[in-house]
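Reader: Could you walk me through this one while I have it open? I'll ask as I go, and I may jump around.

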Amino acid sequence: MLDDEVSINSFTLRNEGGAQAQLDLNGFGFSYNSETLDDRVTLSGLNIRNGNNFTAVPFETGAIDVSNVSFDGIGAVDLHSSATLTLADVSGNSTVIDLAAAPEGAEQVGVQITDSTFVEAPVSVNVPQGVTRVSDSSFTGSTFGTALEVFGELGDGLTGTLLLSDSDISDNQTTGLYVTGVQSTRISGVTATGNSGSSALQIEAGFTREDPASVLITDSVFADNETWLAPLDIEGTANAVTVARTEFSGNVSSRDTALSLGAELSQAVDTNAPDPLLTPKTFRFEHNTVRDNVSRDDSSVTVHEWGHEAGAELAFTSNFFSANSSDARAADITVKRLGDGSQATPNSMSLTANTFAGAKGGPGEGQSVLLEDVDTARITLTNNTFDLADSPDSAFRIGNGFGENSVSLEHNTFVGSGVGLSLAEGQTTASIAATVFDTPTDPFAVDCECDPAVVSADTVTRTASAALGGATVATAEEIALTPLADNGGPTPTRLPGDGSVLHAAALAAPTGAAAADQRGVARPAGPGSDIGAVEAVTGSVHLTSDIVVTEGDDAVIPVTRVGAEGFAFELGADVAIVATDGTASAGVDYTGEGGTVTFPAAGVLAPAEQQSSLVIPTTARDGEQGNRSFTVNIASATNGALIGAPETITVTIKDATSTGGNGNGNGNGNGNGEGGQPPAPGAGPQDGLAQSGATPAPFMLSAGVLALLAGAAALTARSLRGRQRHGS
């Protein structure tokens, strides 16, 4: 028990027993200010409680190590190191904690917090340069101050780095995390739930375009927050911002419900170590799930007043937006401004391989995606699925436009509603290819002075549109999309179903982002690419090899279907087999002209192959007829199944009654075509041909005849080679 404020020159307080030793300040304070170089403060195994303040400030290069220490009910805990400060297994309760460190180099760790818990104990960290590392810790229950603040250099010349991982920032009535003056922020594995302040995480990036910051957030969860701003709010200037593999769900906000990006992307180069997930002058939002969020004013993801730097890019890739709603704007994404008026290096926005489902946007504002102001920008949509309720409001809408803009749509699937262009000024050119609109209303509503859209004939629409001249009109039954489901890949999709007109109907060879479908399946998966965002993989079909059958027996024709790895046999396939006369005649030597082999659908986890067969009976004719043959080939395969090699084989019918050679190398005579001896038991068929059906009567070849047969075989041998032909 300390009855008065104590000031000493140096100390180590350590309890090496099991339970923490109590240090009760009894309402007073504890202050340590060292005047010794390289002094080290060590606190371990303590419960420090009930004090006005607890201060430790070693002199110049002194470090601070705190482990297994609890701070309970301390008005202010100030730990300021001129070198490094480490907290491990520390807890704070009803306490305000201020940490500061000043390492010599930008890559050195200044403050490190691990395995620590802070409940209603705001923590402030100030590291002007160097690294702040926080891991496996929690910051919860704050009611009167930001749960965790990280300050870097507040002037020019940002150098600091924040590494925050595997931590919990939840149930705070204030901002959960606030970061400012830090050049590089890396956040991974953070859970932010139940916060009700301004934001769960607020990051103030750089202060000027000449001195921007970079932000990378991955593998985190923002759920059930009720905030004024978005749970994740990024402001300032940034060289690069990436949010990946993160979930935003059940958030309610007066503004944005998942992410608010107010940062301007700058041309300045990031001086930190390069990261493959960070692209200069690019905001990347990829492989995220954004669902069940409610916004009163903006969207789940809102980009505010962005786009003033030439050449900057917004890239949304492989995200799943589901059941989000907004009272005032598009439910999923709103971009307040895109473009800077520069035609030489325009801003761009890409939507690639995303699924937007069940969005409920504000009336007339676009249900899923809204671009409010566009000024000389390039916009591309590739491999996206929009699955919305039937509505006259567009799923994707562009509002006011200035300058010359371009919009490109390739291999997209729109269900319920389509695209709207409503530009007050400027020109917008649009090109559309391999895209399907299964919508009850106009799928491409245009209200602007726009050049006519360049519409490829492989654009398919359920409802005719004046702006889609040249598109193919088909009924919903002909389009035949399957319901939205997990068909493999990162997001749910809609497959073109059995008999769909979309199968193998795309006209151009896919390139760039369209070279694979929304799930990553290489195009084409069949004889041609499917229209829409997804290839329905039905695999390839082929025959095996030439066969030999004795007359009167059935010729069994094996047919094999091979699927793509991981996506095999999503649809069934009917394979049409045709028999064509050679020296054998249909109706005389064999029965029928072929038939159909049906392979059933087997789902995403199907085996790599399916086997089936077609039976063609042969006829046992009286008398000696000699060997004769016909060919069998695959004429077609449904649902876009690819026809592989071999697609044609020869069936040889062996004469069951012949006792002499017939001059084709298959005889058993004695050199003049007459007579012969039975073969040794187990002798196989000639010419290396597979045999189907009953075994012919045994025979033998004399040694003298072998040379004759070999010569005859050389004269009559044929080269069989398969060629690939596309089925329908």
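Reader: Where is Pro524 found?

Author: Pro524 is found in the loop between helix H1 (476-479) and S55, where helices are DSSP runs of H or I with at least four residues and strands are DSSP runs of E with at least two, numbered from the N terminus. This is a predicted model, in which local features need pLDDT of at least 70 and side-chain atom pairs count only at pLDDT 80 or more, while totals for chains, interfaces and linings use all residues. Residues are numbered from 1 along each chain as its sequence is written, and side-chain values use heavy atoms, with hydrogens and water left out.

Reader: What joins Arg523 and Pro524?

Author: Arg523 and Pro524 are joined by a cis peptide bond, with omega at about -10 degrees. The peptide bond from Ala645 to Pro646 is cis as well, with omega near -5 degrees, and Pro646 has its place in the loop between S62 and S63.

Reader: Back to the loop between H1 and S55: what about phi of Ala504, and is Ala504 buried or partly exposed?

Author: Ala504, which is found in that loop between H1 and S55, has phi near 50 degrees, a positive value in a residue other than glycine. Its relative accessible area is 28%, so Ala504 is partly exposed; buried means under 20% relative accessible area, exposed over 50%, and partly exposed in between, with a 1.4 Å probe and protein chains only.

Reader: And what of Ala353?

Author: Ala353 also has a positive phi, near 60 degrees, in a residue other than glycine. Ala353 lies in the loop between strand S40 (347-352) and S41, and it counts as buried because its relative accessibility is 6%.

Reader: Switching to empty space, how many cavities of 30 Å³ or more are there?

Author: The count comes to one cavity of 30 Å³ or more, and the largest cavity holds about 40 Å³ of space. A cavity here is a set of points, on a 1 Å grid over the protein atoms alone, where a 1.4 Å probe fits but cannot get out, and lining residues have an atom within 4 Å of a point. Grid points are joined across faces, edges and corners, and a volume is the space filled by probe spheres set on the points.

Reader: Which residues line the largest cavity?

Author: Its lining consists of Ala504, Ala525, Gly526, Gly528, Asp530, Glu535, Ala536, Thr538 and Gly640. By class, that lining has three nonpolar, four polar and two charged residues.

Reader: How is the sheet with S55 ordered?

Author: That is an open sheet of four strands in the order S60-S57-S55-S62, with mixed pairing, where two strands pair if DSSP finds at least two bridges between them. Strand S60 (609-617) and strand S62 (642-643) are the edge strands, each pairing on one side only. Strand S55 (residues 540-542) runs parallel to S62, to which two bridges join it, and Val541 has Ile643 in S62 as its bridge partner. S55 is joined antiparallel to strand S57 (residues 554-562) by three bridges, with His542 standing opposite Thr560 in S57. Nine bridges then join S57 to S60 in the antiparallel sense, and Val556 has Val615 in S60 as its bridge partner.

Reader: What covers the faces of strand S56?

Author: Both faces of strand S56 (residues 547-550) are covered, since Ile547 and Val549 on one side and Val548 and Thr550 on the other are all buried. S56 pairs with strand S63 (residues 648-654) in the parallel sense over four bridges, and the partner of Val548 in S63 is Thr652.

Reader: Different spot now: which side chain makes a polar contact with Arg462?

Author: The side chain of Asp438 does, at 2.5 Å; a polar contact is a pair of N or O atoms within 3.5 Å, and within protein one must be able to donate a hydrogen and the other to accept it, while residues adjacent in sequence count only if both atoms are side-chain atoms. Arg462 is found in the loop between strand S53 (460-461) and strand S54 (472-473), and its relative accessible area of 29% makes it partly exposed.

Notes. On a 1 Å grid over the protein atoms alone, a cavity is a set of points where a 1.4 Å probe fits but cannot get out, and a pocket is an open set with protein on both sides within 12 Å along at least five of seven lines; lining residues have an atom within 4 Å of a point. Ala, Val, Leu, Ile, Met, Phe, Trp, Tyr, Cys and Pro count as nonpolar, Asp, Glu, Lys and Arg as charged, and the others, Gly among them, as polar.
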